[in-house]
Amino acid sequence: MMMVDPGGPTKSRRDDRHGGLADAVVLLCGTGRHEPGSNLPDVPAIAATLADLSQVLAMRCGARKITVKLDLATPMDLGEAISDAARRAEDILVIYYVGHGLVSASGDLFLAARQTNSRPHRLAHTAFPYRVLRQYAMESRARSKIVILDCCFSGRAIGTLGASTQIMNLTAIEGAFVLASAGREEVALAPHGARHTAFTGALIKLLTEGDPSGAAEITIESAYQYLSWSLPAAEYPKPRRSVTGRAGDLVLATNPARTGNQPPQRRRPPVAPRRARWPSVLIAAAAGAATVPFLVSGRHGGGWFELPPGVRGELLRSVWGTLLLILVCLFAALAAGRPIARLIGRLGIHFGWRRLTRLRVALVAALAFLLAVALGVPALDAAAAGQVWLATCPPASQLRVLTTPEGYVPTRQLAEAFELDTARDNFDCPEIRVLVYAEPRGQTVTALGRGWSDDDRQRIGPRPDVWLPDSTVELRLAEEEAETTGTALPVVTAEVRSVASTPLVLGVADRQVVPAGSVEGLPLTGASWPKLLDSLESLGWGVIAPDPAATVGELARLALYAAAAGDPERGVAPKTPLRVERYVGNSYDRAGYPPEADIARLLCVPERSARENVAFVLTEQSLARFNQGAALGTTCAGSPQKLPGSDQLKALYPASTPVLDHPFVRLAWDNLSAQQTGAARRFGAWLDTAAGRSALTAIGLRPPEAETGSEAEPLAPISTEYGVQPGAGITAMAVAPEQLRSTRDTYAEVHRPGRVLVALDASGSMTARGPDDRRLWDSAVGGVTDSVSLMGPRDSFGVWSFQGEGTGGIRRLVPIARPDGTAGEKTRTATSAGLATVTPGGPAPLYSTIVEGIKTVGRTTEDQVTALVIVTDGQDDNASPISAGQFEAAVRDSGVRVFALAVGTTSCRARELQRITGTTGGSCREATPGTIREELATIFEALWETR
């Protein structure tokens, strides 16, 4: 080996020149097999790749300290091997990895182990982070550090290792040579049926057969040069390397293809370019070619001083794009140089224009510049179109948008329209992919207010780039939460604006509404909330309003409580908030609706009769989408076509009503990439364009200054065809956080308390373990115990467990009573202690438990709502001494709502759970072990006052 050490004398030994890695510590790692459920395909070639590379390094490179680690189980095992090699190395350290490379949402590179799970929320703790490998290498005492990565992001098809990200941006190590098998957004191939991966196979071939065109010795740099032309020639990705210092001079082995003083064979001598007649012409053509990207960027949605977005920009960032501009430059220079120069000279001589002859060089240069521009623009378009046609669309930037559960489906439609718009002038390739995810308002406000912690990332998702709440009031609540926690909410104030609105309306069955002016009917517009509420009650109709846990439900209470002031001018008697809540509660009981915060669950009932003689407090958007047959949310998929008129709801517009202003909020977190920031800005700007306003209208919202349409050209679904009045005069009711806090306090005082009995399935099936290795029983116990803190002072709560045969298997652990102690701490302790005495096992008497539980909690009355919450896997196990028919007779018209929380492998499609909840006015919710607490909280928030 011959190494030139900048800090010391030259070291030269004959053995080193023939065995350059004699003193090196070499670690060869690879993962070819993965556990079931990891979502990573096996790569059979990795085992042979490691074995053969180890043999070649020993025989050709003289390596004596080789350690091979194949299919290590955990990232900890991989880290131990890397740490040990880095610690032992003193002269040369070589770390080689082959397998799956994975990239997280934040751009960090991870190396897969056998037990790695590629799901985003599990990647960070099941794969080995490259940054740790980098740290180990940097801290090593070795003089030279070589890192070779034969990996990429994830599997895309049989025979590949997957698509990588820009690895060279992730792998800088000072004083080292980093060699990556693929470049930006390319695939590192493992050919199907081949013994080696493509990259390492070429390296093995070089070390064993040599390079006839190379020098007498193979260095790590010459190996890279060989791979960089041989792999692309075989239609494999071109590798990338990063080098610091003199690490590239490390001699690996002698070149077996060279003997004696045999001169190197040139591969293909490059053709020397013809010199331009005037250097100024070539410079002008180069300036024209360099101007092309900026002209294209300004023409296709980018800035005038940046590379164009989309496929054109991706092409220009690659070697092929640079080569294209060079070719355009050369062609323009050759075309303009000699022929045009001769023509100008002849014209000057013929007509005696001496000045023209003097300006010949300047004119030719100007024409070369214009010709390069004229040729470059269509050439770039043609090359970009060819790249898409021959290959595929390049990876798009990702934009993360957070919204509410009620707004998830419309926002997803809005995102799809935006993606299509970015693809329209980009060869049908979306420039931006939008990730839409939803979370209830309360959890979102809390997460933003405390800075989006790691727990929030696990529970909700990554930090959003854009937040689309229902109302600006939610932003104010988040700002207040941030002030309380001392956190800086990263809101870009300049980009907080309302992009659309939708008013709160009353929706009633279409055939029950008569035109305005009729004494017997309900006016479509102009009536006050007190007048509408009084009219509905006098007609014997009910009012269904969502629970205040959602923004719509809270604003609904603000509007309904306004009826407490009455309407003296129209002779309407005052209604206190207590009377309003009793009226709403009786409407729920009479119609058989479960208490819900999700308007989609309330509207999406199969029986049309359930909507008769009932008015819904909802947004104009939800009403229009419901009539249109569009999906309202994940709980209501909609119908394939518009509802017939007899099934539609008609919107009644009060004189003054709360309006959801749907703001656009851009968030500027730390360490955001320029691509993320640019994508968020572009999405916000698009919402203000004609295309964006049209997309907002298509999802049922009213964008600012939007055309209201006419009967001839309705703007669906904001048209009379879908039960709404585009020209309705809407006066927005003032809404402030203080008003909402006051409304919540009033609701807690007047909302009828809940009397709730929770029965936990303690059968043997509840001992099954979830993904977190906890038993279903333990997760259910934790969720029920934590739910005690949600009780209000007037609520009642009890806990049973059931296992064994018949009623004898029912254990009454905590009697139904109001919370004891501050925040129910004594009740919580009693619940925890009682459940700790239960050992799951045996069958489950589900039917008997429900019948006995209904008898115990009693009927729902005007003063309280009673409910039985069953946490179960849904099986009766033939342990109840009653038949299904006897069970249905016992629970029918019992006046007790039964809620089912399906855990484990059970879903709400189970016949037993449908029978239980469908006949009692309750509902069924599905939960995993990790979401039991959240789902129970959703049920209890609708039944209890909540603290």
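## Strand β11 and its partners

In this predicted model, strand β11 and strand β14 (residues 240-243) are joined by 4 bridges and run antiparallel. One pair across this join is valine 178, which stands opposite serine 242 in β14.

Strand β11 also pairs with strand β9 (residues 144-150), here through 5 bridges and in the parallel sense. In this pairing, isoleucine 146 is placed opposite phenylalanine 177 of β11.

How many of the residues of β11 are buried? Strand β11 covers residues 176-180, and 5 of its 5 residues are buried. The burial applies to both faces: Ala176, Val178 and Ala180 lie on one side, while Phe177 and Leu179 lie on the other.

## A three-stranded sheet

Another part of the model holds an open sheet of 3 strands, in the order β6-β7-β8, with antiparallel pairing. Its edge strands are β6 (101-103) and β8 (128-129), each of which pairs on one side only.

Strand β7 (residues 109-111) is joined to β8 by 2 bridges in the antiparallel sense. Phenylalanine 110 has proline 129 in β8 as its bridge partner.

## Helix α2

Helix α2 runs over residues 45-60, which makes 16 residues. From its first C-alpha to its last, α2 reaches 22 Å, close to the 22 Å expected at 1.5 Å a residue. Just after the helix comes glycine 62, with a positive phi of about 75°.

Which residues of α2 are buried? They are Ala45, Ile46, Ala48, Thr49, Leu50, Asp52, Leu53, Ser54, Val56 and Leu57. The list includes Thr49, Asp52 and Ser54 as well as residues such as Leu50 and Val56. These buried residues of α2 pack against three strands, β3 (24-30), β4 (65-70) and β5 (92-98), and against helix α6 (198-209).

## Nonpolar cores

The largest nonpolar core has 71 residues, and the members that touch the most others are Leu536 and Val617. Helix α18 (residues 551-561) supplies the largest share of this core, 7 residues. A separate core of 38 residues lies apart from it, and its members include Val26, Val56, Val98 and Ala202. Val56 is also one of the buried residues of helix α2.

What does valine 617 contact, leaving aside its neighbours within four places in sequence? Its contacts include Leu504, Val505 and Leu506, along with Trp529. Val543, Ile544, Ala545 and Pro546 are also in contact with valine 617. The list is completed by Val552, Ala556, Leu560 and Ile599.

Technical notes
Residues are numbered from 1 along each chain as its sequence is written. This is a predicted model: local features need pLDDT of at least 70, side-chain atom pairs count only at pLDDT 80 or more; totals for chains, interfaces and linings use all residues. Side-chain values use heavy atoms; hydrogens and water are left out. Buried means under 20% relative accessible area, exposed over 50%, partly exposed in between (1.4 Å probe, protein chains only). Two strands pair if DSSP finds at least two bridges between them. A nonpolar core is a set of buried Ala, Val, Leu, Ile, Met, Phe, Trp, Tyr and Cys residues joined through side-chain atoms within 4.5 Å. Contact means heavy atoms within 4.5 Å. The expected span of a helix is 1.5 Å times one less than its number of residues.
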